[in-house]
Amino acid sequence: MNYVYILRCGDNSLYCGWTTNLEARIVKHNAGLGAKYTRSRLPVELVYFEMYEDRHTALSREWHLKQMNREEKLRLIRDGKKTGEST
């Protein structure tokens, strides 16, 4: 399974990424071993994710999420699918 996710960082900023192992990826981020962006913004909290069967679709969705502005991401988190609901 491929996951696209949004994290809320310690400074209240949002970070989008993708992975094939969501739990391990969150642990890595919080250990300071994730993306450079999140290393100085710990801790991170998973606030949203979507699951996809194939990598291409997940990477495409990640790109689209990264094009959203903060307000659009917050609306997705608030009004979108519940965390973990399959797409």
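Buried here means under 20% relative accessible area. The model is predicted.

Aromatic rings come first. The structure holds three aromatic pairs. In one of them, Tyr-3 and Phe-49 meet edge-to-face. Their ring centres lie 5.9 Å apart, and the planes make an angle of 65°. This pair links distant parts of the chain. Tyr-3 belongs to strand E1, residues 2-8. Phe-49 belongs to strand E3, residues 45-52. The two are 46 residues apart. Both Tyr-3 and Phe-49 are buried.

A tilted aromatic pair is formed by Tyr-5 and Tyr-15. Here the centre-to-centre distance is 6.4 Å, with 50° between the planes. Tyr-5 lies in strand E1 and Tyr-15 in strand E2 (residues 14-19), so the pair ties together parts that are ten residues apart in sequence. Tyr-5 has a relative accessible area of 0% and is buried. Tyr-15 has a relative accessibility of 14%, and therefore also counts as buried, since the cut-off for that class is under 20%.

Ring pairs extend this group. Tyr-5, Tyr-15 and Tyr-37 are linked by them into a cluster. Tyr-37 also meets a charge: the charged end of Arg-41 sits over its ring. The distance from that charged end to the ring centre is 3.7 Å.

The helices offer a second theme. Helix H3 spans residues 55-67, and helix H4 spans residues 70-79. The two pack at an angle of about 120°, and their axes are 8 Å apart. H3 is therefore oblique to H4. On the H3 side, the contact is made by Arg-61, Leu-65, Lys-66 and Gln-67. On the H4 side, Glu-72, Lys-73 and Leu-76 take part. By class, the contact of H3 with H4 has two nonpolar residues, one polar residue and four charged residues.

Lys-66, one of the H3 residues in this contact, can be followed further. Its relative accessibility is 42%, so Lys-66 counts as partly exposed. Leaving out residues up to four places away in sequence, Lys-66 touches Cys-16 and Lys-73. Lys-66 and Gly-17 are 49 residues apart along the chain. Their C-alpha atoms are separated by 8.6 Å.

Glu-62 also lies in helix H3. With a relative accessible area of 12%, Glu-62 is buried. Neighbours within four places in sequence aside, Glu-62 is in contact with Val-4, Cys-16, Gly-17 and Trp-18. Cys-16 thus appears among the contacts of Glu-62 and among those of Lys-66. Glu-62 and Val-47 are 15 residues apart along the chain, and their C-alpha atoms are separated by 15 Å.

Glu-23 lies in helix H1, residues 22-30. At 67% relative accessibility, Glu-23 counts as exposed, because that class begins over 50%. Glu-23 and Met-68 are 45 residues apart in sequence. From C-alpha to C-alpha they are 24 Å apart in space.

Two loops hold backbone features of note. Asn-12 lies in the loop between E1 and E2. Asn-12 is not a glycine, yet it has a positive phi of about 75°. Its relative accessible area is 40%, so Asn-12 is partly exposed. Asn-12 and Val-44 are 32 residues apart in sequence. Their C-alpha atoms are 9.0 Å apart in space.

The other loop runs between helix H2 (36-39) and E3, and Pro-43 is placed there. The peptide bond from Leu-42 to Pro-43 is cis. Its omega is near -5°.

Note on methods. Residues are numbered from 1 along each chain as its sequence is written. This is a predicted model: local features need pLDDT of at least 70, side-chain atom pairs count only at pLDDT 80 or more; totals for chains, interfaces and linings use all residues. Side-chain values use heavy atoms; hydrogens and water are left out. Rings of Phe, Tyr and Trp (its six-membered ring) pair if their centres lie within 6.5 Å; planes under 30 degrees apart count as stacked, over 60 as edge-to-face and the rest as tilted. Helices (H or I, at least four residues) and strands (E, at least two) are DSSP runs, numbered from the N terminus. Buried means under 20% relative accessible area, exposed over 50%, partly exposed in between (1.4 Å probe, protein chains only). A charge sits over a ring if NZ of Lys or CZ of Arg is within 6 Å of the ring centre and within 35 degrees of the ring normal. Axes are lines fitted to C-alpha atoms, for helices over the stretch in contact, and angles run from 0 to 180 degrees between N-to-C directions. Angles under 35 degrees count as roughly parallel, over 145 as roughly antiparallel, 65 to 115 as roughly perpendicular and the rest as oblique. Contact means heavy atoms within 4.5 Å. Ala, Val, Leu, Ile, Met, Phe, Trp, Tyr, Cys and Pro count as nonpolar, Asp, Glu, Lys and Arg as charged, and the others, Gly among them, as polar.
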